Each structure stands twice: as structure tokens, then as C-alpha cells.
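Me: I've got a model open here and want to go through a few spots with you. Can you take my questions one at a time?

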Amino acid sequence: MLKEICHEGVYKNYINGEWKLSNTGNLIDIFSPIDGSKVGSIPAMSKEEVDEVILTAKAAQKEWADVPLIERAKILNKVAFLLLDYQKEIADIMVVEIAKDITSSLAEVKRTSDFILFTADAAKQMRGEMLSADAFPGYGKDRVSFVNRYPLGTVLAISPFNYPVNLSVSKIAPAIVAGNTVVLKPPTQGSISALYMAKIFEMAGLPKGVLNTITGRGSEIGDYAVTHDSIDFINFTGSTEIGRHISKVTVMKPLLMELGGKDAAIVLEDADLEEAAKDIVNGAFSYSGQRCTAVKRVIVKEEVADELVGYIKDRVRKLKVGDPRKKDTVIVPLISNEAADFVCELIEDALDKGATLLLGNKREKNIVYPTLIDNITEDMRLAWEEPFGPVLPIMRVESTEKAIEIANKSEYGLQSAVFTKNIDQAFHIANQLDVGTVQINNKTERGPDHFPFLGVKASGMGIQGIRYSIEAMTRVKAMVINFEKK
Ligand code: NAP
Ligand code: G3P
């Protein structure tokens, strides 16, 4: 069934309930980061075609919003179960298209199915309210306000390469269950995985025009799409650079943005160091560190630093490097050679400035071996920049106050982790950290997906997380009844 979306290696876009090639005939070839083999081709759509797709979504929105919520939720439930039926097929595409190890790819599809089921339920729990005027001085009981939430209209969903299925659906599902229609712009490297996902929505019986896809380089069609008059909301996940660009070019357009991160793991002198090391290594190196919530720096009290680093080093050296098609591979090829170049640039800068290489700093094409660097100082780029790769910098501090100062000095504010046995101290520190989420005694991570997920400062604006996402893509409308005065 899923093969219908492809003709002779060229994948089609899902537009108004049909699978279409681009009239331009322009294609973008997608090559696997694993071995450079061709995965397929996607249409490079023109702005005229993007315009048609957006207008199609706009035209379908009112009718979709009139569909009873229970019916919208039932379609989502069908999508969730169909995703599981095609879990292996979709995961296998992700493995070759974005080099995500098979274990993580299968997990992403399962997580997405769970996300959808939770979203369908959460939508049914959404509540409005009724307010009586007499709660305010000078008013009587002859005036009441009925307050409810309504869909915003047409949502432009833009997703990143590292979760092409989950971070597309984390926008699509809350949007459509709330009565919006969606235009999805998937990542170029990840588009094929996203198109497979879109097919599942069609198979579940989603009416035409409710979900539509546009493929093409964001640098070519992105500005046109985000500034289109018929787009009522932009739900973006990606780099801070692109997020800032989008917020500059859009005027008065509501935005939800989840951007870059430089999540710190703060380890205090009373922490369970072996447990902390396990969480830190998992958090820093899964999917080769290509996660926004990856642990991207360790800030550790000097008195326990040697012991902690020893535990971390023992774990890092055991990480399996290589082919993502093999179950226990953790360190996979990075998404591109350019990505690997950037990671190596940051490593070299740190070593040139006197940092201590403990493991790694080895590269084979776009595989960067897990790299552990100690004695990172504030003059080094690795202290502040987001490598989005398998490198873990260790910063040593003399005091907890210094740890908080360095953690907050980052332009990013996604998550931080605090490792300590003293819960009072954990809350005291958490209260001072300028981030969206503080994990106490755990690695930084987004799940479970009904928790609020947000970034502050350069890490984004607005809140994701199932109920939060539904609220973000709806608006309040009040209806005030003025009864006859007695
Ligand atoms: P990216 O380069 O910013 O791309 C993200 C998406 O934006 C892609 O679909 C991209 O399309 C599109 N895009 C590019 N230029 C655009 C423009 N001018 N207008 C509109 N859309 C445009 O990010 P990525 O490389 O895919 O992902 C890695 C980055 O995303 C990292 O910084 C990571 O921290 C961040 N991220 C954050 C979260 C979070 O939840 N906070 C989650 C995942 C990733 P193309 O692919 O065609 O360029
Ligand atoms: O980078 C993707 C971001 O959403 C992280 O998700 O679940 O890996 O923490 P997770």
C-alpha cells in the first residue's frame, strides 16, 4: 500500500487527497547518509504549486471543523493503529534516509502512534467555561459569557530531519483534531519518511484537503510558505537560525517554535555518579547526539569530576559505532558531511585552546567517533555552540553558584539536568535555571509527550506537549448573553 506514493523512485506529494508529482518536473535526489546510495527523489515544488496547496487546505478547513470532534478523534485512532501495522516499513525508510538506528526508528513510530492516541483522548477532554458578570463590581446576574476554543484555520507545520515522523505528527495530530487543516513541509532529508507517514493518514480515511504536503528546499519555498496570507499559524521545529529567520519575515503570524539547545547536565558532589554517568552518556550520544535535548555539556563540581569522568569514559568507549541497520548501533553516520565538518571544527577549536581529549576525535566520512573532551573553558566554542553530533564537553567548577552561572550564560534555554541526592538543593538550583524544563536525576529529554515541552531564549517560543499543542492551535471565542433586565 505504501508503495503507491512512489513512481519509478520519485515520491509524490499528498495534495487534496491525491498523490501528485510536481508540474515543474524538478526533483531533489535523496541519498542515504549511510553509504550515499540513492533512496529516492522528491519534487522540488514551485511557489505557484505551494500556493495551490495552501489554498486547498484553506478551502477544506471549514468543512473539517464542522466534523464532530468524536469523528475527528476516531480517524486519529485509525492512524495510530495503522502506523503500528506499517511500523517496520516506515522505520526501515527512516534508517536509510536519516541513518537513525533501527531501534530508535522503530521506537519513533511506536511513540508517534502513542502520541496520536493520547491526542485523540486529550481533545475530548478540552473544556470551555461559563462566567457570570456578577463576579465583577457593578454587574448583575443578567450577563454571562460562554467561552470556548476554536481552530485557528490552516496550520503550516515544518519539521526537522531528526524526527521526520514524530515531529511532523506532533504538529499534525493536535492541529487536525482541533479542526484545523495542515500543510506539512517536511525536512528535505526526511521527506520520504514523512510522505510514508502522510499515506497512513489517507489510509485512515482523512478527508481530502485536511492534510497536504509540500516538498522542496526550505531555502527555496520556505519564505513563500511562511508569509502566505492563508497560513493562520506556523508550527516550526528546527534550528535557532531558521527559527529566527522565520520570525523576522513573518508579521503578526502566530508562531510555535522549538529550536536549538545546549542542555547542561549539572553534577553535584553528592550525586550518584555511576547513575549520572549512565544518563549523561545515553543523553549525549543517542542518535549520535542529533537531538535538540541531547546533553551537550557536563558542568561538574571539581571534587567529584575525576570519578564522574572515569565512569563516563568507561561507558563512551563501549558505544557501538557503525551501521544503523544493526540493532545495537548507537553512533551512526551524521546526517551529512557538512554536519560532520562542523562537529570536527568545534572539537579542533577546543583542543587548539588547550582542552584535554579523553576519547575520539576520529572521523570516517560522516561518521564522527564518540568524543569526550575534558577541561573545557569559556573561551572555547564547544562551551556554547550546538554541535548536533557525538561530542561531550566537560566543564569543571568550584561551586554550585558557578555551575548555575555557566548554565545560564548559554543563549539557549531548552532543558537542564541536575544530579544530586538532595531534593531541596535540586529545587533551589532548578528555580534559578533559565530553561523550559529541569530534569532532576535524569538525562534531558522531551518525553513523555503529554508533559510540556518548551524552550526559552534562543531555544524557542510557545509550548509543545499534547494538550499545550492543542491549545496553541486553537483560540478562545466568547459569546456573551445579556438577559432581559428584571
Ligand atoms: P533546520 O535546518 O532548521 O530545518 C528545519 C526545517 O526547516 C526543515 O524542514 C527545513 O527544510 C526547514 N527550513 C529551512 N529553511 C527554511 C526557511 N527559510 N523557511 C521555512 N522553513 C525552512 O533544522 P534541522 O537541521 O532539520 O534540525 C536540526 C536543528 O533543529 C538543530 O538545531 C536542533 O537543535 C533543532 N531541533 C530542535 C528540536 C526541538 O524540539 N527544540 C527538535 C529537533 C531539532 P529543509 O530540510 O528543506 O532545509
Ligand atoms: O530533537 C528532538 C527533540 O524533540 C528531542 O526529543 O524525545 O529525543 O528528547 P527526545
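Me: Is L152 buried, partly exposed or exposed?
Reply: Keep in mind that this is a predicted model. The relative accessibility of L152 comes to 22%. Buried would need under 20% and exposed over 50%, so at 22% L152 counts as partly exposed.

Me: Where does L152 sit, and what separation do the C-alpha atoms of L152 and F233 have?
Reply: L152 is in the loop that runs between β8 (143-151) and β9 (154-158). Along the chain, L152 and F233 are 81 residues apart. In space, the separation of their C-alpha atoms is 7.0 Å.

Me: Which element gives the largest share of the shell around ligand 1?
Reply: The shell around ligand 1 has 30 residues, and the closest are S159, T188, S239, L259 and E386. Elements that give two or more residues to that shell are α7 (218-226), β12 (233-237) and α8 (240-249). The largest share is 4 residues, and it comes from α7.

Me: How many residues in the shell around ligand 1 are charged?
Reply: Sorted by class, the shell around ligand 1 has 13 nonpolar and 12 polar residues. The charged ones number 5.

Me: What percentage of ligand 1 does the protein bury?
Reply: Start with the polar contacts: an oxygen atom of ligand 1 is 2.6 Å from an N or O atom in the T188 side chain, and a nitrogen atom of ligand 1 is 2.7 Å from a polar backbone atom of L259. Taken alone, ligand 1 exposes 900 Å². Of that area, the protein buries 87%.

Me: And ligand 2, what percentage of that one does the protein bury?
Reply: Around ligand 2 you'll find R111, N162, Y163, L167, R291, C292, T293, E445 and R446. Oxygen atoms of ligand 2 pair with side-chain N or O atoms at 2.8 Å for N162, 2.5 Å for Y163 and 2.6 Å for R291. Taken alone, ligand 2 exposes 310 Å², and the share of that buried by the protein is 95%.

Me: Last one: which strand holds M479, and is M479 buried, partly exposed or exposed?
Reply: M479 helps make a nonpolar surface patch of about 470 Å², together with M130, F146, I481 and F483. The strand that holds M479 is β28 (residues 474-482). A relative accessible area of 42% falls between the 20% and 50% cut-offs, so M479 is partly exposed.

Terms used:
Residues numbered from 1 in each chain as written. Chains lettered and ligands numbered in written order. Predicted model: local features only at pLDDT ≥ 70, side-chain atom pairs only at ≥ 80, totals over all residues. Heavy atoms only, no water. Patch = residues over 30% accessible without salt bridge, like charges linked within 9 Å, V, L, I, M, F, W, Y side chains within 5 Å. Areas by Shrake-Rupley, 256 points an atom, 1.4 Å probe, with all protein chains shown as cover. Salt bridge = Lys/Arg side-chain N within 4 Å of Asp/Glu carboxyl O. Buried < 20%, exposed > 50% of the residue type's maximum accessible area, 1.4 Å probe, protein only. Near = heavy atom within 4 Å. Polar contact = N/O pair within 3.5 Å; in protein donor to acceptor, adjacent residues only side chain to side chain. Nonpolar A, V, L, I, M, F, W, Y, C, P; charged D, E, K, R; others polar.
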